[in-house]
Each structure stands twice: as structure tokens, then as C-alpha cells.
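Got the model open in your viewer? Here's a short tour, one selection at a time.

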Amino acid sequence: MSDWEAKLGGLRQQIDDIDSQLVELLAKRAAVTTQVGEIKSHTGMPTYVPEREAELIQSRRTQAKALGVPENLIEDLLRRIMRESYLTQNVQYRCATAVGTKVVILGGKGALGKLFVSLFERSHYNVVVIDKEEWPNAAELVDGAKLCIVAVPIKQTPAVIAQLSFLPQDCILADVTSTKSGPLHTMLKTHTGPVVGLHPMFGPDAPGMVKQVVIVCDGRKSEQYQWFIEQMKTWGAQLHYSDADTHDQSMSFIQVMRHFTSFVYGGHLVKEDPDLETLLAHSSPIYRLEFAMVGRLFAQDPNLYADIIMDNSDNLALLKRFNRRFADAIKLFEDHDKEQFVAQFSEISEWFGDYANTCLIDSKQLLLKADDDRMLRKK
């Protein structure tokens, strides 16, 4: 063995030792965050405190800079470590109202319903699940309930809500569908007690509510459902308040257009039938990521996305306008009108403003992280 090989072997051993110490330190940190979780579960403190996280990251960035360590590297590591601690530190949560309060989840055997069942059970509520099998006894099962959440498919939601006139007067009635105007109107018409519309902006595969956005649309008697709001905060949810009409208009752009565009793109690929592996092999990380965002749609329930797109008749007019603008853009290509293309590009860039540069920076970071996880590499 040459001197260089011996020296390299020694340095590698040092790296192995340091990495081993890092694992031991992470284990110690996990033990401490578990204790933090226990305190939060007893006091009702929220799992996620943005100010605390921001302060911690900034302190470590300052320390890293002083030691000549890349600040972004430290922030990336800390955010990954903290994300894991959020998922593990709270096996149990504090109940935001009286322990044993009865909560009913209609559709509690479905994917999103199961998530709510788990969160409520871990918060020491008496959770009753009503699904198809239990529905004939629904009136009896909701007796004494303080909260009833409707977590059934979009198309079934209005009909289910319309049959809930037997709810106790002081029971909160809430839904979790991706449209709000229709369900909220039906809830207010059916139930004279407290009503609130919710839209969890995450899929049922989410491990919990930490850092997840939940849209809240006030219905009636908001003072009576504040304990439910506080419970979601304790779970780590980021609540955004909106009126139902504004919510539905926003979802037309956020959900409907994106899902429909992915649907059409996927359908076009099927008809053209290029070799997918060849496309991926020729793709840089950004294009592989875009393929991933399209492909993930087709790994999920088609009925769910059909309902999201088709639930609101106003969406049809929006998609038709999009179709006309797509045709107008093709016309630029037919006419070789580069000048007009550039002019429209600049107009769009101006509309996005500074957010476009923010997207450029954020997407670069996202691509680096995704590539580190081998998500964007060829298998």
C-alpha cells in the first residue's frame, strides 16, 4: 500500500467516525424532541411553531457562517431533521376540549377519513365512524356528538349532508370537500347549529397536519367551533380563512386547471405513444420532476379527480377559455410571430413580478434535494 493510499484510508476512517457520531447525536436529539412532544401533548402547545423554527434555523446559519460551513447546507439538514421530529414527537396530542368528547366521522373508513380518525383518537376523543354499513343507524350513532365531519366523496357530499337534520343542536357540522359553496350552503340549510366548511390542502397519504394548509370557511356560530379550530392548530395545521366563493374560484386555477392539463397531457402521450423510458433518459432533472408531477395524477383515484374537475359548472367555461388561448398560442407558431411571443412572454413575466425569481430560486433548491434523494435519476 502506498503512502497516499494509507493516508486516504486514515482520512476515510475519520469520516466514518464523524458520521457515526452524527448518528449518535441525531439519536440524542430525537430523544429530546420526544420529551418536547410529551410536554406539548399535555399543554396543548402546537406541534409546529413557525417563529421557533425560523429562530433556530437563523441561529444555526449564523453559526455555520462563522465556522466556514455553507449556510444553505445547514439549513437543508435542519429542515430535514425537524421534519422527521415533527412526525415522531407527537404520538399523542392534547384534547382541545373535554377528554372523551364524542366526534363522528362520516366516511371514516375512507383514506382522508382515516387520517381524521387517527388524529382525534390520538387526541383522546371518543371517535365514532359511520360508513355505508353503519348509515342505517346514523341517527342513533350521532346522539351526544359535539362534532360531525362529512368526509365522503364529493358527489355524495350534498346528499349525505341533506340527511343530517337529526344532528344534536350543539353539534358542529363540518365538511372536508375541495369545493365549498355548495356543501356550505347545504349544511346551513340542513343544520341549525354551528357549521364550518374545511378544505385540507393535502392528500390522504399525508402523515398528519404538521405544516399542512387547511382552508376554513366560516358558516355559523364560529364561537362554538373554536375548540375544533384550536385542535387543528395543535396538530400543526396552518389555517387560512376564506369565504366559500373566493375559495372555489381559487381552486379552479389551483386544482382544476392543473389536473385537467395533466389529464390532457397524459392522454396526448398515450395517443402519440413515445417510449417513456427513452423520454426519461433524455430528460434533465427539471423535466423528470415535471414528468413526476404529471405521472402522480394517474397513480390515484380517477373518480376523485373527475369529481374535482366536473363538480363546478363554472370550470367548463374557464377550461374553454384556456383552450382558446392555447389555440391562439399555436397561431403564433404557425405565423412564426416571434415578436408577439416575446411580447406576451414579457407581459406574463410582469404579472408574476418578483415571484418569478422566487420560483427560480426555490425550484433550483428543490431540484438539488430531489436529485440527492435519487428521485430524478434513472433507475
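Let's start with Ser 242. Is it buried or exposed? Its relative accessibility is 16%, and the cut-off for buried is under 20%, so Ser 242 counts as buried. Keep in mind as you click around that this is a predicted model.

Stay on Ser 242 and look along the chain: you're in the loop that links strand E7 (238-241) to helix H9 (244-272). Now show the side chain of Ser 242, which reaches the backbone nitrogen of His 247 at 3.4 Å. What else does Ser 242 touch, if you skip residues up to four places away in sequence? Select Ile 215, Val 216, Cys 217 and Asp 218, along with His 247.

**Zoom out**

Time for the whole protein. Counting secondary structure, you should find 15 helices and 7 strands. The C-alpha atoms fill a box of roughly 85 × 65 × 35 Å along the principal axes. There are 379 residues in the protein, and 35% of them count as buried. Take the contacts between residues at least 6 apart in sequence: 68% of these join residues at least 24 apart.

**Helix H9 against helix H12**

Next, select H9 together with helix H12 (residues 302-310). When two helices pack, people describe them by the angle between their axes and the distance between those axes. For H9 and H12, the angle is about 125° and the axes are 9 Å apart. That makes H9 and H12 oblique to each other, because the angle falls outside the ranges for roughly parallel, roughly antiparallel and roughly perpendicular. Their crossing is left-handed.

Which residues meet here? On the H9 side, show Gln 255, Val 256, His 259 and Phe 260; on the H12 side, show Tyr 305, Ile 308 and Ile 309. Sorted by class, this contact has 5 nonpolar residues, 2 polar ones and no charged ones.

**Helix H8 and its cover**

Now pick helix H8 (residues 226-234). Its buried residues are Trp 227, Phe 228, Ile 229, Gln 231, Met 232 and Thr 234. What covers them? The cover includes helix H4 (111-121) and a set of strands: E3 (147-150), E4 (172-175), E5 (195-200), E6 (213-220) and E7. Before you leave, click on Gly 236, just after H8, which takes a positive phi of about 100°.

**Two histidines with positive phi**

Head over to His 124, in the loop between H4 and strand E2 (126-130). Although His 124 is not a glycine, its phi is positive, about 70°. His 124 has a relative accessibility of 34%, so it counts as partly exposed.

Then jump to His 336, in the loop between helix H13 (314-334) and helix H14 (338-352). His 336 isn't a glycine either, yet it has a positive phi of about 50°. Is His 336 buried or exposed? Its relative accessible area is 70%, so His 336 is exposed.

**Last stop: Ser 85**

Finish in helix H3 (residues 71-89), where you'll find Ser 85. With 9% relative accessibility, Ser 85 counts as buried. Leaving out neighbours within four places in sequence, Ser 85 is in contact with Arg 29 and Thr 33. For one more selection, add Asp 19: it sits 66 residues from Ser 85 along the chain, and the two C-alpha atoms are separated by 20 Å.

Terms used. Residues numbered from 1 in each chain as written. Predicted model: local features only at pLDDT ≥ 70, side-chain atom pairs only at ≥ 80, totals over all residues. Heavy atoms only, no water. Helix = DSSP H or I, 4+ residues; strand = E, 2+ residues; numbered from the N terminus. Buried < 20%, exposed > 50% of the residue type's maximum accessible area, 1.4 Å probe, protein only. Polar contact = N/O pair within 3.5 Å; in protein donor to acceptor, adjacent residues only side chain to side chain. Contact = heavy atoms within 4.5 Å. Axes fitted to C-alpha atoms, helices over the stretch in contact; angles between N-to-C directions. Parallel < 35°, antiparallel > 145°, perpendicular 65-115°, else oblique. Left-handed = near helix turned anticlockwise from the far one by under 90°. Nonpolar A, V, L, I, M, F, W, Y, C, P; charged D, E, K, R; others polar.
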